[in-house]
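Visitor: I'd like to go through this one with you, a question at a time. Could you put it up on the screen?

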Amino acid sequence: MKSSSFKFFSFFMLILLFGMGAKAQSAKDLQPFSFKIKALLQTLDYLGEPVNMNDKELINKAIEKNDTAAFVTISTVLDKYCLFNVQINPETRVKVTKGLAPPDLLQDGWRTFLVKVDNQAGVTAKLEALSPQAKSDYDVNQNSMPGMDMGTTVTKQDIADRWLAMQLYTDAPMQTTLSGLQTEYFIIQLYGRDAGNRAAKFSFNCGQGTQDVGFNNETSILFKCLPSHHIKLKVLDENNQPTTASFIIKDSQNHIYPSQAKRLAPDFFFQTQVYRADGETIDLPAGNYNIEYGRGPEYLTKTITVTVNNSVNQTLDIKLERWIDPSKYRWYSGDHHIHAAGCAHYTSPTQGVDPADMMRHILGEDLNVGSVLTWGPGYYHQKRFFEGKDNKLSTPDNLMRYDMEISGFPSSHAGHLVLLRLKDQDYPGTKVIEDWPTWTIPILKWAKMQGAITGYAHSGLGLAVNTDSLPNYTMPKFDGIGANEYIVAVTQNLVDFISAMDTPPTWELNIWYHTLNCGFRTRLAGETDFPCMSDEVVGHGRSYVKLDGKLNFDDYTEGLKKGRAYVSDGKSHLMNFSVNNTEAGTQNSEVDLQKPTVVHVSAKVAAYLNEKRDDRLRKLKLDNTIWQQRPFWSIERARIGDTRLVPVELIVNGVAVASKNIVADGKINDIFFDTPVAKSSWVAIRILYSSHSNPVFVIIDNKPIRASAKSAEWCLKAVDQCWSQKSPKFSDHDKNEAEKTYHDAKEIYRKILNESIDN
């Protein structure tokens with residue numbers, strides 16, 4: 001047979017075969033079939049991988065003819081774009097074969113292909129595509145406490161084999177389910193992590209048990225993955241010094257690069273951003289990208305459009321821009337609650353991540369101090385990084401230290417503890433976590449004996465109330481893991497701070513305000529509890545501590561203890577807050593007066609808001625949607641209307657007694673208040689939902705602060721409420737001592753109640 005005759009015969013047979021399939025389709029299906037084909041072409045255009053113009057013209061002409069021959073013509077044209085042919089037989093058995101599309105992929109990039117479905121059963125179920133090579137490179141078990149099942153183990157061989165990411169594109173106008181038409185098309189997108197030849201196996205189904213028998217329901221394909229391009233980064237800070245920055249890289253379809261599905265440390269799969277230092281690279285295939293970059297809340301976030309071409313030695317110059325630098329005024333940022341294991345971190349291939357991975361994130365968010373806390377998940381693996389000193393990866397401007405959160409321990413039900421500046425991480429007489437005490441007081445005493453700084457974590461958990469009034473007298477359940485047993489521990493002088501900024505402000509601040517009104521002097525510290533309460537960034541909640549000398553961990557934590565600090569989301573700053581020229585955290589934070597008088601309050605205050613409001617962040621609704629409203633603390637929630645104004649409030653004994661508005665344009669404002677103080681009181685300032693100072697204590701005629709009998713009465717009742725919730729979980733060994741301590745706390749509050757001026 002001559003070559004031309006053979007080609008004609010092959011083409012004739014192809015048409016005949018398609019015609020046999022097409023004849024089974026009714027003319028009444030032509031309109032919905034054509035409608036879906038138009039939607040398919042529009043989607044391919046949108047995705048940046050359209051069919052070529054000649055093929056599009058053939059398809060449009062076939063649709064215009066409006067006869068059943070369109071089934072054959074369109075199918076013939078689209079076959080060259082199909083990587084998979086899926087057949088669903090009348091018994092709903094699904095089998096798959098390789099299509100005609102060339103199996104070419106891009107390293108670190110996405111390609112779009114078609115899936116042709118011959119739906120002989122007319123099913124309308126969801127179509128699912130699977131591949132063992134597209135499994136996750138990691139396993140996450142959020143209940144990974146010691147002694148529990150750690151989940152699936154992911155080996156190095158598994159990671160090497162899992163080179164593929166895959167998704168059926170089902171955004172409108174495409175659909176997640178089959179339509180019931182005999183012939184229709186789905187769009188599948190494939191991402192290749194590696195360059196070179198890579199093999200993968202694929203299967204499809206439309207529900208459990210629909211796969212065909214034997215090997216008919218799977219097909220294997222050998223791909224050629226073209227290498228991506230190494231983009232060298234030049235990352236400079238505002239002083240033209242090399243630094244590390246955050247990068248969110250998206251293409252026109254909002255694909256994230258590198259793919260989150262294929263990320264391992266130091267890139268975290270649960271974040272959109274990656275962190276890169278000056279001189280490092282980003283690998284991208286040719287194309288156009290939107291790149292958002294920054295370095296924590298003190299820097300401006302910028303967005304640029306970048307085109308990657310096929311040339312070599314491509315570079316990207318990034319110059320960061322600050323809106324404020326508190327360290328110039330000796331204020332240093334820190335987050336005392338970040339984790340390298342548990343919650344969003346994977347449990348395999350490793351139990352969390354290593355110090356170098358955490359340090360990259362601390363640098364990338366420009367945290368001056370990052371406290372990485374070992375806790376229940378991954379405890380025995382992570383505790384080996386504890387040193388009792390700064391980690392060797394620390395720099396002069398960015399310190400990292402491993403300490404502890406007592407969480408996942410027998411006392412956790414009473415409140416999670418943050419223990420900073422530990423010298424020893426093993427409680428006396430214990431070999432395993434289960435040996436530790438079942439309440440928090442003895443642990444706080446042990447930590448204090450070795451000079452540690454102590455506090456309660458995510459304070460608002462268990463202290464929820466359905467009001468935003470401060471202070472308020474609603475009694476919470478005390479049924480959580482926040483600053484619950486704090487109500488007792490504070491009477492024993494065992495607590496240096498309670499944590500704020502990762503639970504709703506009312507829940508956190510109310511118990512603090514009440515205990516301050518009783519004369520206790522616990523300070524406030526900002527935290528993130530990364531990646532548990534929030535997995536977006538380290539350092540969302542921060543403490544800014546003022547230091548007289550160079551940055552060092554001991555002085556920083558001592559500043560937390562003394563209250564020479566304010567908490568902030570980094571978008572507002574309450575520097576040098578003073579009462580009668582006594583700055584918070586100095587001179588024991590006390591102003592001594594002989595009689596009632598007017599005090600003078602001053603501070604240097606700055607804030608930054610974008611000109612356009614973010615409508616996602618308005619007033620918190622304290623209802624069952626509260627956990628969908630995170631972040632709870634954000635300067636955006638302080639915005640007045642659609643302006644750039646935010647209120648700076650003067651707080652006396654928990655009550656806002658005056659307010660002044662500033663423009664959140666990044667400029668530093670000198671703020672002054674004059675307010676009468678009639679009795680011993682505590683004074684603070686705040687930009688609610690963004691920042692809060694620590695208090696200055698105004699002492700009149702040497703009288704202790706007894707600001708509110710109602711606060712003392714609330715605290716007294718709170719001890720009983722806490723006991724009702726916690727005591728059932730105290731061990732027999734601990735219960736007698738705990739009962740005595742709770743009783744002593746009540747006696748202290750009764751005494752304070754009797755001494756309160758307004759009783």
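Guide: Sure, and one term before we start: a disulfide here is a pair of cysteine sulfur atoms within 2.5 Å. Keep in mind that this is a predicted model.

Visitor: How many disulfides does a search of the whole structure find?
Guide: Cys343 and Cys532 have their sulfur atoms 2.0 Å apart, and the cut-off is 2.5 Å, so they count as a disulfide. Searching the whole structure, the total is one.

Visitor: Which way does the link of Cys343 and Cys532 turn, right-handed or left-handed?
Guide: Look at the angle about the S-S bond, which is 105 degrees. That makes the link of Cys343 and Cys532 right-handed.

Visitor: And how many residues apart are Cys343 and Cys532?
Guide: Cys343 sits in the loop between strand 18 (331-338) and helix 6 (355-364). Cys532 is in the loop between strand 24 (523-526) and strand 25 (542-546). The pair links distant parts of the chain, 189 residues apart.

Visitor: Is Cys532 buried or partly exposed?
Guide: Buried means under 20% relative accessible area. Cys343, at 16%, is buried. Cys532 has 21%, so it counts as partly exposed.

Visitor: Why is Cys82 too far for a bond?
Guide: Cys82 is buried, with a relative accessible area of 0%. Its closest cysteine sulfur belongs to Cys206, and a disulfide needs the two sulfurs within 2.5 Å. The gap between Cys82 and Cys206 is too far for a bond because it comes to 18 Å.

Visitor: What about Cys518: how far away is the nearest cysteine sulfur?
Guide: Cys518 is in no disulfide. Cys518 is also buried, at 1% relative accessible area. The nearest cysteine sulfur is that of Cys715, and the distance is 4.0 Å.

Visitor: Over to helix 10: how many of its residues are buried?
Guide: Helix 10 covers residues 505-517 and reaches 18 Å from its first C-alpha to its last, close to the 18 Å expected. Gly519, with a positive phi near 100 degrees, follows the helix. Helix 10 is largely enclosed by the rest of the structure, because its buried residues number 13 of the 13.

Visitor: Which residues of strand 21 are buried on the two sides?
Guide: In a regular strand, side chains alternate between the two faces of the sheet. Strand 21 (residues 417-420) is covered on both faces. One side has Leu417 and Leu419 buried, and the other has Val418 and Leu420.

Visitor: What is the bridge partner of Val418 in strand 22?
Guide: Strand 21 pairs with strand 20 (residues 399-406) in the antiparallel sense over three bridges, with Met404 opposite Leu419. Strand 22 (residues 453-456) also pairs with strand 21 in the antiparallel sense, over four bridges. There, the partner of Val418 is Gly455.

Visitor: Which residues are closest to the centre of the largest pocket?
Guide: That pocket holds about 1600 Å³ of space. Its lining has 49 residues, by class 18 nonpolar, 15 polar and 16 charged. Strand 11 (244-250), strand 15 (287-294) and helix 12 (635-638) each supply at least two of them. Closest to the centre are Glu536, His540, Lys571, Arg616 and Pro631.

Visitor: Last one: what share of the chain's residues count as buried?
Guide: The chain has 14 helices and 36 strands, and its C-alpha trace spans about 115 × 55 × 50 Å along the principal axes. Of its 759 residues, the buried share is 58%.

Technical notes
Residues numbered from 1 in each chain as written. Predicted model: local features only at pLDDT ≥ 70, side-chain atom pairs only at ≥ 80, totals over all residues. Heavy atoms only, no water. Expected span 1.5 Å × (residues − 1). Buried < 20%, exposed > 50% of the residue type's maximum accessible area, 1.4 Å probe, protein only. 1 Å grid on protein atoms, 1.4 Å probe; cavity = no way out; pocket = protein on both sides within 12 Å on 5 of 7 lines; lining within 4 Å. Points joined across faces, edges and corners; volume = space filled by probe spheres on them. Nonpolar A, V, L, I, M, F, W, Y, C, P; charged D, E, K, R; others polar. Pairing = 2+ DSSP bridges.
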